[in-house]
Amino acid sequence: MTPSFLRLSTVKARTGLSRSTIYRRMAEGQFPVAVPLGGRSIGWLDADVNEWINGQLALRAKRAKRAKRAGGAS
């Protein structure tokens, strides 16, 4: 698969996160770091964003499994 870059509007739409949350999580090391594209343009590697989304889904599944074992619904 050829690497491709996503612009902020696409990253926001795909993740459901706001601009400020994306940048805060980048600073905290909890979200993929943007790549400078030249001038004042940045983008995120499509594969990095997909990996982050898959990680969030795995985390959700892990929490659901833990809650099921504990007998709770949270």
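Here follows a short conversation about a predicted model.

Visitor: Welcome me in: what kind of model is this, and how are residues numbered?
Guide: The model is predicted, so local features need pLDDT of at least 70, side-chain atom pairs count only at pLDDT 80 or more, and totals for chains, interfaces and linings use all residues. Side-chain values use heavy atoms, leaving out hydrogens and water, and residues are numbered along each chain as its sequence is written, from 1.

Visitor: Which strands are the edge strands of the sheet?
Guide: Three strands make an open antiparallel sheet in the order β1-β3-β2; strands are DSSP runs of E with at least two residues, helices runs of H or I with at least four, numbered from the N terminus. Strands pair if DSSP finds at least two bridges between them, and β2 and β3 (residues 41-45) have three. Pairing on one side only marks the edge strands, β1 (5-6) and β2 (35-38).

Visitor: Is D46 buried or exposed?
Guide: D46 lies in helix α3 (residues 46-70). Buried means under 20% relative accessible area, exposed over 50%, and partly exposed in between (1.4 Å probe, protein chains only). D46 has a relative accessible area of 13%, so D46 is buried.

Visitor: Which residues does V49 contact, beyond its neighbours within four places in sequence?
Guide: V49 is one of ten residues in the largest nonpolar core, a set of buried Ala, Val, Leu, Ile, Met, Phe, Trp, Tyr and Cys residues joined through side-chain atoms within 4.5 Å. Contact means heavy atoms within 4.5 Å. With those neighbours left aside, the partners of V49 are L6, V11, T15, P32 and W44.
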